[in-house]
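User: Please take a close look at a single strand here. I would like its burial, its neighbours and how the chain moves on from it.

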Amino acid sequence: MATTTTSSSLLALPSFRSNCSQRPSFRVRAQISGDKATSVEPVNGSVSVSNLPNPKGSEVNGKVKFQREDEIELLWDDGYGSKSVKDYFAAAREILKKPDGGPPRWFSPVDCGQPIKDAPTLFFLPGMDGTGMGLVPHQIALGKAFHVWCLHIPVHDRTPFQGLLKIVEDVLRQEHATRPNKPIYLVGDSFGGCMALAVAARNPSIDLVLILVNPATSFERSPLQPLLPILEMVPEELHFTIPYALSFIMGDPIKMASIGIDNQLPAGIKLNKLREKLTNSMLPLLSELGGIIPRETLLWKLKLLRSGAAYTNSRIHAVEAEVLLLVSGKDRMLPSQEESKRLHGLLKNCTVRCFKENGHTLLLEDSLSLLTVIKGTCKYRRSRRYDFASDFLPPSKGELDFALQELLRFLRNAVSSVFLSTMEDGRIVKGLAGVPDEGPVLLVGYHMLMGLELGPMSEAFIKEKNILFRGMAHPILYAESDSTKEFGYMDWIKVFGAYPVTATNLFKLLSSKSHVLLYPGGAREALHNRGEQYKLIWPDQQEFVRMAARFGATIVPFGTVGEDDIAELVLDYNDLMKIPFLSNYISEVTRDTKEFKLRDESSGEVANQQLYLPGVLPKIPGRFYYLFGKPIHTKGRPELVKDKEAAKLVYLEAKEEVEKCIAYLLKKREEDPYRSVVDRLSYSLTHLPENDVPSFEP
């Protein structure tokens, strides 16, 4: 049996009988960088992928002992940015160093390590290169959430498209038979996207989640089509120029080189680092594509691509799988954006995210971790149905850094938030010491204009208390109907724990002893009219008290002020409804939200959840202030569950406490010598960077 040992991957190498007409008999060897090999016997002639050990572990008495982590910790290291396209080329070189002439096979990268408990299996189907190394920048993160296996198609392999489908199908069917209640993920990159769709069409009964990255189903409309006859005439001695030229069509070298460069660096230093990576490593590496894809292989892959796209398009109507389609805005190899609209209309359950600044090789370019995208689109699940509580994976340190620097940097710097809390004895102190560390805790408070208080508040809880509260959000955030939607702020809210606001979901979160954020005023309070700032617009019913009492949760009322310090509301709902074209648009959006049946038993303005973008004028920034009031304990008070009058008294107590917090902050902020951004900047220039800008004394 032929074996290959590499330093960067664990290879599962099948051994075929010489008689190709017979069903192949497999014996799998998983060999780790010179360690003793472990073997897995064949099951019905197929590779038992789910039973192969993952590569991270320690050897005891000649046996590999593995340890499993049950959960991912908050701010875990996802490794994104530590691997780049340079590592991709190194891995590709290593795997192609000793061509064995064998058939396609599966391998699990060592970087993936051991996943969490009950992790689903993810199979990666490569693009035209066939190496299976296209997940290199994402392997560490994906390995925490999935059992990861990648398909490697050797350079000299000439298996036709349907033969490749058979290889994928065999492993999928065995995985499904082994774990029938688990979803199976197929990540298809370019040509691999065709394979993923074709396999899904042929296996509608298997629970598949397809992650398609610029799928090559639009190959017939590719700008490469006129070049195919020319490529066939290029002599062998000039072939090295073809992959070099194609590399600039397939991907963006600048975006590739940008992986791992800290966005917080000054612009000049960033440009110098980018120039060094381009000239010293990126551009020389591109010339190696000629070794990865020799002339005959390139011609074969292009023919394979054409036949695969035609085969897939003829069967795409049969796809029942859940699909996440990732497309690049600067794909010069395929018309991916145009194709995304076609696929979104054809596929029954398709979500689209567009990355407008990326090229064809999206997974090898500087964008986002693939796991972040999967989490932000709510596609990560460990059973047949997505569960917002049990399937949630906490944000990594890299995700927090990105959110703070790319999404919230201006707001954080502008408002320089001040946090206060109330101790059990009634003392108001700086920081969040008054908020209980142990859950369940229900935070209820005032929703500032457009929810501007959320970002700084989430950051404070993570950094000071190492707690990620789960915010109850309007279900409209989870609606998917746009084929050109970018991965943006709404997706990041989900990455950081946003949860559709329903009684069932609140039940699940409190039962798991979480810290939960709830705004009783909802969208109506966040999108209030002129003159309504700091006015609580809460319903009459005690919506949350009895639920909190059922689990003995601590209710923490809080107030926030500062919206009037950064913006002035000039066009509210009533004003916008007087403008005909805006009125029609708002009415249409509001009509769509009625399907979510929020507070369908409520009456009055709080039940009227209009969603719109108000007209505001920015001001010279002031400051945000937060005060968390005295905790209200429901533990040991069983009467609150059944006695509506007793629950109503607690509800009114919480509401009154929020109003007191707001009144306190409005008064005390007048004593803040650094309320103005100008004064805060002056203070920062004369003090060490790590010194927080002071405020009033509570």
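What follows looks at strand β7 and then turns briefly to the cysteines.

Analyst: The model is predicted. Start with burial. Strand β7 covers residues 121-125. Of its 5 residues, 5 are buried, so the strand is largely enclosed by the rest of the structure.

Now the side chains. T121, F123 and L125 point one way from β7. L122 and F124 point the other way. Residues on both sides are buried.

Next, the partners. Strand β8 spans residues 147-152. It runs parallel to β7, and 4 bridges join the two. Within this pairing, T121 of β7 stands opposite H147 in β8. The route between these two strands passes through helix α2, residues 139-145. This β-α-β crossover is right-handed.

Strand β9, residues 184-189, also pairs with β7. The sense is again parallel, here over 5 bridges. L125 has G188 in β9 as its bridge partner. T121 and L125 thus each have a named partner: H147 in β8 for T121, and G188 in β9 for L125. Both residues belong to the set that points one way from β7, with F123.

Last, the cysteines. A search of the whole structure finds 0 disulfides. Two cysteines can be placed by burial. C378 has 13% relative accessibility, and C661 has 2%. Buried means under 20%, so C378 counts as buried at its 13%. C661 likewise counts as buried, at 2%.

How values were computed:
Residues numbered from 1 in each chain as written. Predicted model: local features only at pLDDT ≥ 70, side-chain atom pairs only at ≥ 80, totals over all residues. Heavy atoms only, no water. Disulfide = S-S within 2.5 Å. Buried < 20%, exposed > 50% of the residue type's maximum accessible area, 1.4 Å probe, protein only. Pairing = 2+ DSSP bridges. Right-handed = clockwise from strand over helix to strand, strands pointing away.
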